Structure formats: structure tokens, C-alpha cells
Amino acid sequence: MYPIILLSVFGIITLFLGFSKSKNILLPAVLLFLIVALGSNFIEWGKGPFIYFNDMLRVDNLTLAFNGIVLLSAFMIAAISGGFQDNADSEPAEYYGLMLFSLVGAIMMIGFDHLIMLFIGVEILSVAMYVLTGSNKRNLRSNEAALKYLLMGAFATGFMLFGMTLLYGATGSFKLAAIQGFASNMNMGQQSYIFYAGLLLLLIGMLFKVSAAPFHFWTPDVYEGAPTIFTTFMSTIVKTAGFAALFRLLNGTFAIYGFWWIVIAIIAVLTMLVGNIGATSQGSFKRMLAYSGISHAGYLLIALTALTKPSQNAIVFYSLAYSLSTISAFGVLMLVSKEKSIEGQPNERYEAFNGLARQNPLLAFVLAVSMLSLAGIPLTAGFWGKFFIFTSAAERGIIWITVIAVLMSTVGIYYYFRVIISSYFREGDTVKIRVAPFYQIILVLATFLTILFGLAPGIFEKLI
Amino acid sequence: MLTLLLILLPIAAGVITLLAGERLAKQLALVGGLASLGVATFTWLQFDPAAGSQFGFKYAWVASGGISFAAGIDGISMLLVLLTTFLTPLIILSAFKNDYKNPAAFYSLILFMEAALIGVFTATDAFLFYLFFEAALIPVYFLSAIWGGEDRIKVTFKFFIYTIFGSLFMLVALVYLYYQTPGTHTSEISAFYQLQLSPAAQGYLFWAFFIAFAIKMPLFPFHTWQPDTYTQSPTPATMLLSGIMLKMGVYGLIRLLLPIVPLGMQQWGFLAMILAVIGIIYGSIIAIQQSDMKTLIAYSSFAHVGLMAAGVFSSSLNGLQGALIQMLAHGINVIGLFFIVDIIYSRTKTRYLDQLGGITQSTPHLSVYFMVLLLGSVALPLTNGFVGEFLLLSSVFQYKGWLGAVAGLTIILGSVYMLRLFQKSMFGPKSKWVEGFQDLTASERAVLLPLVIMVFWIGIYPSTFLKITEPAVNQLLQLVNN
């Protein structure tokens with residue numbers, strides 16, 4: 001609960017900091033805010049569960065872990081944003097303010113115990129993202145992306161709200177506990193089609209937010225059009241929060257598992273297929289990462305399909321591993337694409353990475369580790385993420401979905417390795433790429449954590 | 001604890017090599033490789049074949065899941081650890097004559113590879129086994145893709161995807177088995193041996209394991225990555241691939257497939273056997289027609305590994321012992337042969353048989369070493385190839401007489417392609433490519449001499465090595481037959 005209050009206050013302070021003449025204090029201030037929020041998050045660690053705001057928000061170790069991932073990702077993303085000083089049009093204070101506010105939304109989604117809280121959380125997060133997506137005002141792609149995201153997002157929200165209404169109609173309450181009780185009654189034989197319909201509509205809304213197929217069509221365009229820094233934000237924080245919320249929702253209606261598991265299973269398979277096969281044919285690294293984001297949503301959905309005891313840890317671990325690798329991949333992309341820009345437009349194609357190992361061995365290594373982790377190669381965190389997800393499915397006895405996931409992982413290797421091949425085995429120019437020291441520290445930190453969790457996933461287990 | 005030392009020593013040596021920089025890289029790597037060999041020899045002297053798994057260690061890894069970081073050495077592991085640590089310093093030494101760019105990275109990758117291989121051969125936890133099995137791919141992929149020939153990028157990429165595709169099926173199988181273990185689950189390989197699985201489940205598991213290992217070895221029809229990768233890789237990487245990494249597949253068959261799914265073996269073993277035998281004949285016939293020496297040896301390696309797999313599938317004492325001794329012998333011969341090809345290539349700049357000829361005239365040493373290794377490879381009595389092939393063929397013969405007869409053709413076909421290789425490159429009129437061909441240098445002899453000694457040692461007195469593995473193999477067969 002502390003991060004919600006702190007981040008709201010910090011967001012307002014950040015907006016006011018924008019009036020100050022000196023632009024240089026903004027970034028350190030935001031980083032400080034995020035560190036404070038991250039620290040305050042763990043005050044309640046191990047003491048919960050707490051229920052706040054008239055039973056609308058729940059705080060326990062699981063939500064705190066998700067909060068921790070979201071806040072850590074936000075810190076890293078803010079750190080590599082470099083204060084938005086490269087673009088004269090930019091409004092750093094507003095961007096940072098929106099980022100902080102959107103984190104409040106994410107935390108509400110993660111800990112919701114009441115559907116209204118979920119709705120508010122989703123909206124706070126989404127509205128901020130619509131604005132940030134379009135923040136590159138003079139760029140057509142950015143505008144297109146924002147409009148697309150807004151229209152599609154509004155539609156999804158409509159579904160979600162309708163679903164909540166139906167659930168309210170069936171159960172007479174917005175509270176998760178009441179819904180849980182109703183579901184277990186249904187398990188006893190008391191049928192309610194309104195409840196089913198409501199749940200499905202709500203799921204559709206949520207699945208849209210995590211870009212699961214067939215609700216994924218906005219993702220590639222929006223991810224590609226948005227400024228890369230906000231793409232990173234979307235693909236890590238929005239996804240983590242979305243999956244945390246989905247987990248709570250499905251866990252709450254676990255009594256009717258028999259009803260929804262096959263729905264989620266089919267969506268998981270579809271998402272993996274669309275994401276992985278779509279990613280193979282991309283010429284742009286950024287667009288490939290968008291599809292890869294879809295495919296990872298598919299893997300995470302497997303854990304939700306199974307929803308066994310290991311699922312919870314699997315989702316947390318996977319989100320963390322995925323966020324770390326995604327941040328370093330986008331971080332390298334931002335540097336390289338700017339360095340190789342063509343006519344002022346960043347070059348995000350694979351060819352831009354040719355010869356990166358010569359131009360900057362550190363960047364090439366960071367990128368290689370993040371790709372290996374996303375591909376799920378052993379000795380990286382991504383491997384254990386996939387491993388835990390597969391074990392959760394195996395515990396439920398759903399082996400066929402694991403086999404599909406394995407096949408799709410092989411496809412994944414194909415497109416993730418393209419960029420490794422470009423940077424290590426192909427020749428490019430030999431102009432050295434310089435990286436600011438602070439930027440380097442963040443990339444090295446992400447890489448270090450990826451390898452650390454890859455070698456010793458037990459460390460993480462002790463934390464949870 | 002010795003096992004842990006064996007795994008960590010090459011990693012440490014690799015890191016030191018990487019940090020030491022360009023000038024000292026070669027020497028440091030060689031020292032690291034020799035140190036590992038020293039530790040392995042020491043382990044061998046302490047080793048008691050009858051005592052089962054020894055020198056082990058076990059640390060909780062994912063504690064709640066009962067997954068541990070555990071390894072130990074039994075007879076089968078011991079033999080392969082010896083093979084790995086014996087060959088690695090020779091591979092490092094064999095690279096000395098070529099100037100590879102960025103040598104620190106090059107030699108450290110070889111050492112990392114050695115660590116991963118030792119890990120595979122000693123792991124007693126199934127997931128640790130899997131981890132090393134995959135991790136071994138990464139160094140050799142980079143070795144081949146950075147320092148390889150023209151087509152390296154495409155070829156090594158195919159190799160990587162192909163092999164990882166196979167091993168992912170093994171991962172699914174291991175996860176499944178893990179959930180079949182009683183109580184709080186465990187992933188110890190020995191616990192998997194005790195499971196009572198239904199015949200249907202064993203059938204599926206058989207294929208999951210089979211595909212993983214068949215791609216790695218490779219067996220027909222999963223071999224298409226192999227000849228290109230062997231040809232395009234720099235010779236040290238080819239040596240690692242053919243000399244040691246191929247053995248990971250055979251080892252996997254022996255360690256996992258045979259004892260875990262004996263009923264699956266009964267259902268599908270015959271088909272697997274047929275595939276292995278097809279591979280033997282098919283590989284040999286293609287080898288006869290090759291004119292690139294490296295490709296020729298690649299196909300011969302493909303044919304040999306088919307016979308090893310056939311021996312394992314016969315699940316008899318002779319078959320397994322034959323496969324193990326043949327792994328040792330094949331590792332030695334194939335590394336020697338690839339090295340000789342590399343020597344010839346580095347002096348003549350060609351590997352094509354039609355362009356070579358008449359090398360013997362100026363090279364007494366090279367001719368002798370080449371001949372000995374080649375005879376080992378065609379399984380002449382008193383050389384190392386003979387022991388293994390004899391045991392293997394006898395096991396296949398017991399399994400099904402006619403299969404044994406077909407597989408036996410390998411001896412004839414083997415001598416055809418090998419002698420053709422020798423004749424076309426070494427004898428005949430001197431071609432213009434081999435003008436001024438120098439005989440072996442001291443460092444080249446330092447690589448070949450230990451190999452030749454081993455050829456005779458195994459050929460004349462194989463029981464030094466057979467007795468390391470015999471108790472372990474008997475134990476394994478007991479499991480299979482129950």
C-alpha cells in the first residue's frame with residue numbers, strides 16, 4: 001500500500017519539478033522516488049496479508065513480489081531513458097509523471113480484491129500508456145500507434161466493464177471473495193450462465209491487455225510505433241501487472257476450473273503460434289520483439305492454464321526473467337538504432353546490428369545474453385522460467401500443451417539467434433559505439449541478474 | 001569432491017585464459033587442459049570400479065522442487081571423463097600451428113566446452129544432466145560460427161536449432177518423469193530407474209529420448225546437420241564435436257534411455273536398431289564417394305556411431321562394453337584423422353583427394369602416424385578399433401543374425417573408404433599442390449604420438465579400460481532386465 005500513496009505524491013511532485021529551470025535534477029529525483037517506492041514496498045514483506053481501502057486491495061507476499069518486479073523494471077527503464085534530452089519536443093516531467101502514475105495503476109491491478117479496483121487500475125495504467133505511446137508528437141507512426149491503441153483499448157475496456165456488470169448481476173457483489181464463494185456454489189451444481197458470460201467478457205478485456213491471441217492485433221503496430229522507451233515500459237510492466245491480475249482472477253474462480261481451463265489453454269496455444277510464427281518473418285528487430293512479447297504471453301498462459309502450486313512461483317519468476325531480458329534487449333536496441341539512424345529515423349532492422357561485437361563488445365554480450373534468456377537456453381533465467389512453467393503444466397498432467405510450447409521454443413531460437421548472428425558473425429562498419437556509464441551499469445545489472453538466476457534459481461526461491 | 005573439481009577446473013582455466021589476453025592464451029589453455037588430465041588420472045587411480053558412484057557431491061539447487069546440483073563418477077562416467085580430459089589438451093595443442101584471431105576467446109571456449117562435457121558425463125541429477133547437455137552446445141556453436149569456413153553461419157545455425165529441438169523433447173520427458181517420482185518429487189536419475197511406468201508411457205518416453213540422442217550422435221535419418229557442420233567448423237571444433245560431443249548422445253542412451261524405459265525399448269528397439277544399421281551402411285557408402293577429406297571422415301564417423309548405437313540397442317553386456325570401448329577408440333582415431341587432414345590442408349591449402357597425391361615421398365613420419373590411425377579406424381586386430389567393433393558386431397549378431405551380417409559390412413566398406421583416402425592422398429604421383437611438403441613438426445608429433453600409443457594400448461590390452469566399466473554395465477543391465 002505504501003507504494004501507491006508514495007507514487008501518487010511523487011507523481012505530482014515530478015510534474016511540479018517540470019517548472020524548474022534546471023532539467024538535470026529531474027532524472028535523479030525520479031530514480032530516487034522509484035528507489036524509495038521499491039524500498040517501501042517491502043516494509044510489509046512477510047507480515048501480510050493485509051486488506052486495505054474497504055476490502056478493495058489485498059497485500060500479501062505474492063502481490064509484493066509482483067510489485068517488486070514492476071518497480072524494479074520501472075527503475076531500470078527510467079534509468080536508461082536518459083532524461084529524454086535528445087528530443088527538443090519532449091516533455092520529460094510529464095512523461096515521468098505519467099510513468100509514476102501508471103505504476104499506481106499497475107499496483108492496483110496486482111493487488112485488487114474488488115473488481116472496481118481492478119477496473120480503476122487498468123484504466124490508470126492504460127490511459128497513461130495511450131498518452132505515452134503518442135508522445136513523439138511529430139512522428140506519424142507514433143500518432144498512429146496511439147490512436148490504434150486508444151480505440152482498441154477502449155473497446156476492450158468496454159468488454160471488461162460489461163463482464164464486471166454481469167458478474168455483479170450474478171453474484172450481487174464486486175468482491176473477489178464473494179465471486180469465489182459463488183463459483184464454489186456453482187461447482188456444487190448451481191448453474192448461472194450470466195456468471196459464465198461475465199467471466200468470459202472480463203477475461204477478454206484482460207487478455208487484450210496482455211496481448212494474447214486473438215486479441216493481439218494492436219501489439220506489433222503499437223510496439224513499433226511507440227518510442228522505444230515506452231515500448232519497453234509496455235512490454236514489461238503492463239504485461240507483468242496484467243498477468244498478476246489474471247492470476248488473481250482465475251485463482252479466485254478456481255472452483256469452476258473445468259469451465260475455463262480449456263478456453264485459456266486454446267488461447268495459450270494460439271498465442272504461442274501467432275507470436276512465434278509472426279516473429280520469424282520480421283525484418284525489424286523491434287517488431288520481432290513485439291511478436292516475441294506475444295509469444296511470451298502464450299507461455300505465461302500455460303502456467304495459468306495449469307494453475308497448480310508451482311504456477312504462482314512460475315509466473316513471478318517468468319515475469320522477472322522476461323522483464324530483465326526485455327529491458328536489456330530494448331536498451332541495446334535504443335543505442336544501436338540511434339547510432340545507425342538513417343535520415344534521422346532510428347534504424348531498427350537486423351542489419352543495424354551487423355558487427356556489433358566489434359563496435360562494442362559489452363553491448364553485444366548484453367544482447368546475446370538477453371536473447372539466450374528469451375529463447376530459454378540453459379544457464380540463463382529464461383530457461384528456469386520456461387522450466388517452471390513446464391513443470392506446472394506437467395503437475396496438472398497437461399503434457400500436450402508442453403509439447404507445443406517446446407516446439408514453439410525451437411521456432412523462437414530461430415528468430416532470437418538472428419540478431420546474435422548479426423552482431424557476432426557478420427561484418428559491419430568499425431565505428432565504436434559509446435555508452436554512458438550509468439546506462440552501462442543498468443545493462444550489466446540486468447545481464448548479471450539474468451545469469452545469476454540462471455545459475456542459481458534457488459536464490460529467488462528463498463526470496464519468495 | 002573430485003567430481004566438482006573436475007567440472008570447475010576447466011571453467012577456472014577458461015576464465016583465466018580469457019582474462020590473460022592474447023599472448024599467453026595458448027599456453028595457459030594447455031596448462032589448464034593438462035591440469036584437468038592430471039586430476040582425472042588421479043581420480044582414476046583412486047577409483048574402485050566395483051563401488052558404484054564415487055567422489056560425488058550434492059547441493060540443493062531448487063530446494064523446494066527436490067532438484068539438486070549433484071554429480072558423481074561410476075565406471076561409465078570414469079571412462080568418458082578420461083576420454084574428455086585426455087583429448088582436450090591434444091585438441092588445444094593441435095590448434096597451436098594455426099593462428100586463430102582472438103585466441104583468448106578461442107581457447108577459453110574449448111575449456112568451457114570441456115567443463116560442460118565433464119558435467120554431462122558425471123551428472124547424477126537429471127536436470128543437471130540436461131543443463132550441461134544444452135550448455136555444451138553454446139561454446140561449440142560460437143567456435144564453429146566465428147572461426148569456421150565460408151558457409152559457417154547457415155550451417156552452424158542449422159546444427160544449433162536441430163540439436164536443441166531434439167533436447168527439448170528430452171526436457172519434456174524429464175519433467176514428466178520427475179512428476180512420476182513418489183512423495184516430494186526428486187530428479188535424481190537413480191530415482192527414475194525405480195519408476196514403474198506403463199508400457200504406453202514408456203513408448204512415448206522412448207521416442208522423446210531417442211530423438212534427443214539420435215540427433216546428437218547423429219543417427220540416420222537425423223544426421224543431415226552433421227557432415228556440413230564438421231566440414232565448416234574449424235578443426236579443433238570438429239574434433240570436439242566428433243571426438244567427444246558425439247559421445248554425449250551414446251552416453252545418454254546408456255544412462256537414460258536403456259534403464260528408464262526398458263519396456264519402450266522392447267516395443268521400439270528393433271526399429272531403432274534398423275535405423276542404426278541403415279546409418280552404418282548409408283554412411284559408409286557416402287563416405288566412399290567423397291573427395292573432400294574432412295567430409296569423408298565426417299561420414300565415417302556417422303557410420304561408426306551407428307554401430308555404437310546398435311550395440312547399445314542390443315542391450316547386452318557385449319554391446320554396451322563394445323560401445324563404451326568403441327567410444328574411446330573412435331574419439332582417439334577420429335581426432336587423429338581430423339588433425340592429419342588439418343596438417344595436410346594447412347600445407348597444401350586443399351582438402352580434395354583429386355588434387356592430392358604423393359605425399360609419402362617426403363614425409364615418413366606423417367605416413368606412419370596416418371597409417372596407424374587409419375588402421376585403428378578400420379578395426380585391424382591389435383589396434384583399438386578392433387576390440388570395440390568385434391564386441392559390437394557380436395552383440396548385434398546375437399540380437400538378430402541377419403542384422404549382424406548386414407552391420408558386418410561396415411568392416412569391408414570401412415576399409416574401402418579409408419584405404420581410398422590414404423591411397424589418393426598419400427600415394428601416387430606427386431601433384432603440384434604438394435610441392436615442398438614438410439614432414440611433421442615437433443608439436444604436431446606431440447599430438448599424434450599419445451594418440452598412436454593409445455591406439456596400441458587399447459588394441460593390445462583393452463582390459464585396462466574394459467574393467468573400469470564392467471561392474472557399472474552389469475549393474476545397469478540388471479536394472480534393464482528386471
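Colleague: What makes helix α9 of chain A, residues 218–225, count as mostly covered?

Modeller: In this predicted model, seven of the eight residues of α9 are buried, where buried means under 20% relative accessible area with a 1.4 Å probe and protein chains only; the helix itself is a DSSP run of H or I with at least four residues, numbered from the N terminus. The buried residues are A:Trp218, A:Thr219, A:Pro220, A:Val222, A:Tyr223, A:Glu224 and A:Gly225. Residues are numbered from 1 along each chain as its sequence is written, and side-chain values use heavy atoms, without hydrogens and water.

Colleague: Which helices do the buried residues of α9 pack against?

Modeller: They pack against α5 (115–133), α6 (140–171), α8 (193–209), α10 (228–252) and α12 (285–306) of chain A, with contact meaning heavy atoms within 4.5 Å.

Colleague: How do you know what joins domain 1 (1–156 + 214–248) and domain 2 (292–464) of chain A?

Modeller: The bounds come from an automatic or database domain assignment, and the contact takes 29 residues from domain 1 and 31 residues from domain 2. Between them the domains bury about 2,600 Å², 82% of it on carbon and sulfur atoms, this being the accessible area (1.4 Å probe) that two parts lose on being put together, summed over both. In domain 1, A:Met76, A:Ile80 and A:Phe243 lose the most area to domain 2, together 26% of what that side buries.

Colleague: How many salt bridges are counted between the two domains?

Modeller: The count is zero, so no side-chain nitrogen of Lys or Arg lies within 4 Å of a carboxyl oxygen of Asp or Glu across this interface.

Conventions. Chains are lettered from A and ligands numbered from 1 in the order in which they are written. This is a predicted model: local features need pLDDT of at least 70, side-chain atom pairs count only at pLDDT 80 or more; totals for chains, interfaces and linings use all residues. Buried means under 20% relative accessible area, exposed over 50%, partly exposed in between (1.4 Å probe, protein chains only). Helices (H or I, at least four residues) and strands (E, at least two) are DSSP runs, numbered from the N terminus.
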